[in-house]
Amino acid sequence: MVAKVLVDVKAKAVNKLYDYAVGQDFENILELGMRVIVSFGSREVMGYVLDIVLEKETNALLKPIIRLLDLESYITKELIDLAYQIEEDTSTVLIKVLETMLPSALKAVYKTSFEVIDENLLPDSLKKVFSGGIEIPFTEEFFPYAKEIKSSLQKGAIKQIYDISSKSNPRTKKIVRFLKELDSYKNDKQKKVIEYIKNHQNESLVLTDLLRNLQVTSSVITTLQKHGALELLNQEQYREILSIQKPNHKEVTLNDEQETAFIKINQKINQYVTFLLHGVTGSGKTEIYIKSIEEVLKSGKEVLFLVPEIALTPMMVNRFKSHFQNQVAILHSGLSIGEKYDEWRKIIRKEVSIVIGARSASFAPFENLGLIIVDECHESTYKQEEMPAYYAVDVLNHRAKHYQIPLILGSATPNIESYARYKRGYYELLTLNHRALNSYEPDIEIIDMKKEFLSGNSELFSRTLVQEINYRLEKKEQVILLLNRRGYSNFVICRNCGYVFSCKDCDISLTYHDTDHTLKCHYCGHKEEVPHECPKCKSKDLRFMGVGTQKIETELAKLFPNSKVIRMDNDTTRTKNAHEKLLDEFEKTGDILLGTQMIAKGLDFPHVTLVGILQADGNLYSPDFRAPEKTFQLITQVAGRAGRHDLKGKVVVQAFNPDHYAIRFAINHDYLGFYEYEMQLRKIAKYSPFYYINQIMLSSENVRDIFLCAREIIKYLRKELSKEVIILGPTLPVISRIKNKYRCLILLKYKNEPNLNQSLAYIKNQFDTDLIYISIDKFPTI
């Protein structure tokens with residue numbers, strides 16, 4: 001038997017499967033997807049078994065598999081095929097794709113040590129160092145002796161040993177089990193322990209619980225164990241993911257619109273179809289999801305449910321666990337390495353039937369999927385920016401097609417491409433035009449901030465918004481305020497010479513953060529103290545420009561000193577469970593929830609009756625053709641947080657360009673009007689959905705090198721691709737340097753180019769070097 005192994009080496013030259021002999025000890029154990037330790041060159045490495053064949057293809061003598069790292073497979077045949085597809089789509093080495101798919105706990109940890117073979121061959125300097133034993137771990141104290149160690153390795157005086165293990169291991173607990181009575185006991189404590197264990201033989205008695213309940217020490221247990229009266233066993237224990245929210249189980253009767261949508265889904269529950277569930281905010285899409293999941297579980301199948309933000313996961317998990325109990329597993333980046341490891345194994349062992357999570361949950365290792373749901377499917381968080389740059393909706397479409405099951409894409413503001421696919425007959429549309437609880441859409445009032453300034457109000461809040469906040473606070477109602485920019489001030493400028501404080505490694509200004517009085521780069525994480533003078537002209541006349549959530553928080557404290565403000569952005573949600581704690585605090589004791597786009601969707605608070613959108617047009621004129629669409633979606637989504645239950649809601653939108661079509665359509669709740677208008681513009685500009693767009697990005701420390709390389713790539717593309725392909729670039733992006741690497745872009749617009757993947761793979765293989773890194777993105781505009 002031969003195992004085809006993908007080794008854990010991220011290099012193009014070894015991006016293939018290697019044959020290894022399967023010894024008799026492993027023949028009946030080895031499975032597809034298992035991790036193994038193999039000899040590769042002069043060292044041992046971890047690898048994944050991606051295929052097993054009965055006979056070898058050549059007469060060459062094969063190296064044997066050294067040992068197994070697992071006794072259960074953590075990746076299925078379907079996910080292996082999916083990894084190959086992502087490798088082709090993104091031109092990424094396969095091992096990196098697998099690492100992206102699997103929880104980080106399964107990544108290998110390599111620890112190097114040295115074994116002394118012949119002490120007589122060691123130089124005197126190393127004899128002292130290696131005097132501690134036969135096998136010595138390679139630590140920092142050996143760095144000064146690197147030259148001597150390398151020479152000793154070549155002479156055969158020592159050899160290098162690799163210890164390979166996982167980042168995380170199962171958590172265990174000690175279980176006490178009764179074996180027999182003893183003829184006599186030394187004291188009453190021993191007898192009391194044995195009697196207690198005998199009376200609880202049908203239970204798993206945890207050692208720590210036993211010691212606490214009986215008030216005895218571990219020495220009593222050790223003595224009884226030595227005499228054979230009991231034994232201690234290690235029992236695996238999953239790490240518990242605790243929630244501070246109380247269970248929220250409620251039985252809901254579907255209204256007519258919901259029932260119609262549910263029936264249509266149920267009629268096609270055993271076939272591949274993509275449903276676009278287009279429902280206004282608060283229309284009860286979650287109730288349709290739950291009813292559809294119930295039907296799928298009745299047939300013994302499994303369900304994948306994706307949400308765009310970690311912030312939404314606790315609320316959704318609470319709702320689903322209340323309804324489906326222990327059938328739910330959770331996968332998202334907010335979990336610890338051990339927690340992800342345990343949740344993944346619950347899925348592999350078929351102990352759960354539903355997975356809820358963010359983008360990474362796309363790869364949950366189910367083998368009998370019956371339904372896939374993507375909530376808020378328009379969100380850009382479903383796109384991974386790093387290589388492999390996959391789009392979760394595209395990945396889940398592959399999985400739905402494989403299992404021939406429905407894929408439900410739910411949103412109040414579907415992206416233009418999704419709605420266009422419905423128009424062209426690829427998706428089936430389900431509409432919910434009314435709110436589920438008979439509540440009305442909130443009233444929306446738009447404030448022209450230009451007029452506010454002309455009338456003498458130069459503050460961040462319009463007079464109307466201040467009045468509305470005061471009115472809601474007096475009535476003990478809650479307010480949500482959105483500003484899609486964190487920090488205190490966007491940049492610091494010298495008023496004497498115009499110098500702007502910028503990141504030393506990125507071509508972007510530093511943002512001032514008031515909480516720790518520092519300037520930070522939001523791209524590379526660089527941080528420095530706030531300067532007292534301009535480094536260029538030595539002037540002390542520095543001005544903090546712009547506004548972020550921290551500055552708004554300070555202003556709110558001045559305007560509404562008796563109100564409790566909860567700020568929610570990337571700076572306040574870095575710690576574990578911070579999202580859930582902040583939202584729980586707001587629901588119970590908060591008055592105003594201030595945040596960035598992470599508060600714009602999915603939140604359902606019955607006492608929120610006012611939503612204020614500050615700088616609604618703040619991103620309208622960014623160099624992104626999707627800017628109007630993102631603005632429309634953000635306004636619509638956050639406006640939907642107001643008045644979702646019995647209390648009437650209101651939305652105040654502040655903007656300097658209130659007549660822009662994206663804002664105009666949003667305040668009129670007119671998605672179809674926005675769709676038609678935007679489609680006209682995109683057709684003229686040759687953007688998606690009329691054209692596919694691919695992006696090739698080159699990055700290097702030398703800007704000249706990437707442009708010379710880009711010119712060669714364009715020459716190759718013009719020769720290999722059809723004349724219908726529009727090639728734009730090379731050009732510098734808006735932020736041309738990040739982490740001291742310059743970047744340039746090549747954009748491809750096309751309608752049908754069957755050989756494009758092969759051409760992109762060639763570019764990656766030929767032009768990607770140690771000095772120039774090339775990334776390929778099939779979804780650069782998501």
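Let's start with strand β9, which pairs with strand β10 (residues 205-206) in the antiparallel sense, over two bridges. Strands here are DSSP E runs of at least two residues, helices are H or I runs of at least four, and both are numbered from the N terminus. Two strands pair if DSSP finds at least two bridges between them.

Before I go on, this is a predicted model: local features need pLDDT of at least 70, side-chain atom pairs count only at pLDDT 80 or more, and totals for chains, interfaces and linings use all residues. Residues are numbered from 1 along each chain as its sequence is written, and side-chain values use heavy atoms, with hydrogens and water left out.

Back to β9, residues 172-178: seven bridges join it to β11, residues 230-236, and these two run antiparallel. Have a look at V176, which stands opposite L205 in β10 and opposite L232 in β11.

β11 also takes us to helix α11, residues 337-348. The buried residues of α11 pack against β11, α2 (94-101), β14 (328-331) and β15 (354-357), where contact means heavy atoms within 4.5 Å. How many of the twelve residues of α11 are buried? Eleven, so to speak of α11 as mostly covered is fair; buried means under 20% relative accessible area, exposed over 50%, and partly exposed in between, with a 1.4 Å probe and protein chains only. Among the buried ones are Y341, W344 and I348. From first C-alpha to last, α11 reaches 17 Å, close to the 16 Å expected at 1.5 Å a residue; that expectation is 1.5 Å times one less than the number of residues. After α11 comes K350, with a positive phi near 60°.

Now for the cavities. On a 1 Å grid over the protein atoms alone, a cavity is a set of points where a 1.4 Å probe fits but cannot get out, and lining residues have an atom within 4 Å of a point. Points are joined across faces, edges and corners, and volume is the space filled by probe spheres set on them. There are two cavities of 30 Å³ or more.

The largest holds about 90 Å³. Its lining has 14 residues, with D89, T90, Y390, D394 and F779 nearest the centre, and α1 gives the largest share, four residues.

The second largest has a volume of about 70 Å³. K250, R319 and H323 are among its lining residues, and α9 gives the most, three residues.

How values were computed: 1 Å grid on protein atoms, 1.4 Å probe; cavity = no way out; pocket = protein on both sides within 12 Å on 5 of 7 lines; lining within 4 Å.
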